[in-house]
Amino acid sequence: MNGAKPFDWRHTPGLSAYTALIFLFFYAPLLILVIYAFNSSRLVTVWAGFSFKWFVAVANNGAIRDAAFNSVVVAVVATIASTAIATAGALALERGRLRFGRGAATALIAMPLVVPEIVVAITTLIFFSGLGMHHGLINLMIAHTVFCIPFALLPIQARLRDMGGTLEEAGRDLYADEWRLFRRVTLPLLVPAISAGAIMAFVVSLDDFLISMMVSSAGSTTLPVYIYGMMRLGVTPEVNAISTILLAVSIVFVAAALLVGRRNRFA
Amino acid sequence: MGEKRTYLLIAPAMLVIGIFMVLPLFLAVGYSFMTANPYGGVTAPATFDAYLQFLYQRDFDDSLVFSPSYALIILRSVYLAIATTGICLVLGLPVAWYIVCQTPERRRILLFAVTLPFWINTLIRTYCWILILRDEGLANGALRHAGIISDPLPLLYNDGSILLGLVYTFLPFMVLPIYSTLERIDPRLIEAAHDLYASRAAVFRRIVWPLARPGALAGATLVFAPALGSFLAPDLLGGGKKLLIGSLIQMQFTSSRNWPFGAALSTVVTVVVLAVFVIRSRRAQEERR
């Protein structure tokens, strides 16, 4: 059978073109948004030349600045709190002895990923109003911490599972006590994963819209809630510009998280 | 690590999620059996009215009249969530298979490209489609420019645009779990099948699909659950005129001020979603055996 091409199952005719189309579907709309953000025309759909003026308008908009400040404050607090809680939780799940309750703990921590966001939003609203707690930003920080926990936990847990227990065993053989073992062996090895988890939590908090919309009150508006309000009023070039900024921030942070998480993988 | 220390380490996570997530869920169940306070919140007495409202409306003389409008909203939400799941499966499976067939380096890049949209704000991703679909948008502009149409097509604010938005939002949730099950495929299986004269279609039907099934099942759960309660796609791309459960719940807590009904709706959504997840994990365990 000379000349017959060997069967290559890794190549299905037409599949690469199909996949390219799907990726076009993923990214073309985002690209269109970014292009429109640089359009100098006030009419969103008429191209009138390249311009930064809508970004300048966004920078000079005090309400957007306030909302962005709120978003960052909430995200920083939620990131610190959720990463600390998630690091402890991941250590317990991967290294600890849980005679009972492992399944329950895993299920509980996955809850924020499973329950629909709208339900989380309104149950949180019910909870805070039932308690009579109306501290705008503090309520938001608590709510964001809750749903950021699983996002911070996953990379840390994966890293602990990947590296196995041999390095800790070696430390134990050298008579390190538990605390020293954690400080000198486990924690340094975990730093990239913890940073990756923290960045993920930060992005998730920064991007949250629905929960912030239901829980926030006047004066504690976050950026996505403010942008949503702008969108309801109509399509304007300013919305495109601020959306593009938020888009860029998310991409930069996620890329950073991946790079940090990948480094030291085989340390 | 000692057992005591283990429980001490896991306690903060369980307490925070228990108090601020699970407790509020039970609180919502409680609220759903109360009477609405016209100023928001709930009052006594306890009733089943919120659940009756799914099918009946209370008339002026206090008699119950059958009214299917809410039931229809729920049915449409379920229907759109199922349709989203189906379309995501059909679109996502070949992509997952394509990624599996690449070299490790290219796999990493493609996986990153699939994951990235997940981290981009859903609000912004949904808004992109408004730019494309609205009357003066890109799609109508292009069609008009090409001379195919003279008046803009009503592309926005219908079930089709909602469905498009939902598929766009949740497609990565389908590709990733299918990829992770297919990734472990043993190439020798496929080569053996080919040696036995199996066609490409037969290889797919007899080897690839059975191996992809647990991933597809996981993906279906991950797409269906958030699609059912989604708020942004129906709100922005449906124009707020065509309600789905998500917007209906939100309205009960804002403009309609009927907290018990909103709580009842979210209770039902939560029960459905949790049931889907429990059934899924049972199934997955059985398949592993």
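Roll a probe over chain B of this predicted model and you get an accessible surface of about 14,000 Å², with 66% of that area belonging to carbon and sulfur atoms. Underneath that surface, 47% of the 289 residues of chain B count as buried. The C-alpha trace of chain B spans about 75 × 75 × 35 Å along its principal axes, and its secondary structure consists of 12 helices and 4 strands.

How do the contacts and charges of chain B look? Take contacts with a sequence separation of 6 or more: 63% of them in chain B come from residues 24 or more positions apart. On the charge side, chain B carries 24 positive and 17 negative charges, and the mean positions of the two groups are 8 Å apart.

Now for chain A. It is built from 11 helices and 0 strands, so its radius of gyration is worth a look: at 23 Å it is well over the 18 Å that the globule rule gives for 267 residues, which means chain A is more spread out than a compact globule. Its C-alpha trace covers about 80 × 70 × 30 Å along the principal axes. Even so, 51% of the 267 residues of chain A count as buried. Among its contacts between residues at least 6 apart in sequence, 72% join residues at least 24 apart. The accessible surface of chain A comes to about 12,500 Å², and carbon and sulfur atoms own 67% of it. As for charge, chain A has 19 positive and 13 negative side chains, with the centres of the two sets 3 Å apart.

Next, the salt bridges. Searching the whole structure turns up 6 of them over all chains. One of these is in chain A, where the side chains of Glu94(A) and Arg161(A) meet with an N to O distance of 2.9 Å. This pair links distant parts of the chain, with Glu94(A) in helix α3 (residues 62–95) and Arg161(A) in helix α6 (residues 136–163), 67 residues apart. Arg161(A) is exposed, at a relative accessible area of 55%.

Chain B has a salt bridge between Arg76(B) and Asp159(B), whose closest N and O atoms are 2.9 Å apart. Arg76(B) sits in helix α3 (residues 69–100) and Asp159(B) in helix α7 of chain B, so the bridge ties together parts that are 83 residues apart in sequence. Arg76(B) is partly exposed with a relative accessible area of 22%, and Asp159(B) is partly exposed at 22%.

Another chain B bridge joins Glu105(B) to Arg108(B), with closest N and O atoms 3.1 Å apart. These residues are 3 apart in helix α4 (residues 104–119) of chain B, so about one helical turn separates them. Glu105(B) counts as partly exposed at 46% relative accessibility, and Arg108(B) is partly exposed at 42%.

Finally, a bit of backbone geometry. Most residues other than glycine have a negative phi. Tyr157(B) has a positive one, near 65°. Tyr157(B) lies in the loop between α6 (138–145) and α7 (159–182) of chain B, and is partly exposed with a relative accessible area of 40%. Arg257(B) is not a glycine either, yet has a positive phi of about 50°. You'll find Arg257(B) in the loop between α11 (245–253) and α12 (259–288) of chain B, where it is partly exposed with a relative accessible area of 37%.

Conventions:
Residues are numbered from 1 along each chain as its sequence is written. Chains are lettered from A and ligands numbered from 1 in the order in which they are written. Side-chain values use heavy atoms; hydrogens and water are left out. Helices (H or I, at least four residues) and strands (E, at least two) are DSSP runs, numbered from the N terminus. The radius of gyration is taken over C-alpha atoms; the globule rule is 2.2 Å times the number of residues to the power 0.38. Buried means under 20% relative accessible area, exposed over 50%, partly exposed in between (1.4 Å probe, protein chains only). Contact means heavy atoms within 4.5 Å. Accessible areas come from the Shrake-Rupley method with a 1.4 Å probe; for residues, only the protein chains shown count as cover. Lys and Arg count as positive and Asp and Glu as negative; His and the chain ends are not counted. The place of a charge is taken as NZ of Lys, CZ of Arg, CG of Asp or CD of Glu. A salt bridge is a side-chain nitrogen of Lys or Arg within 4 Å of a carboxyl oxygen of Asp or Glu.
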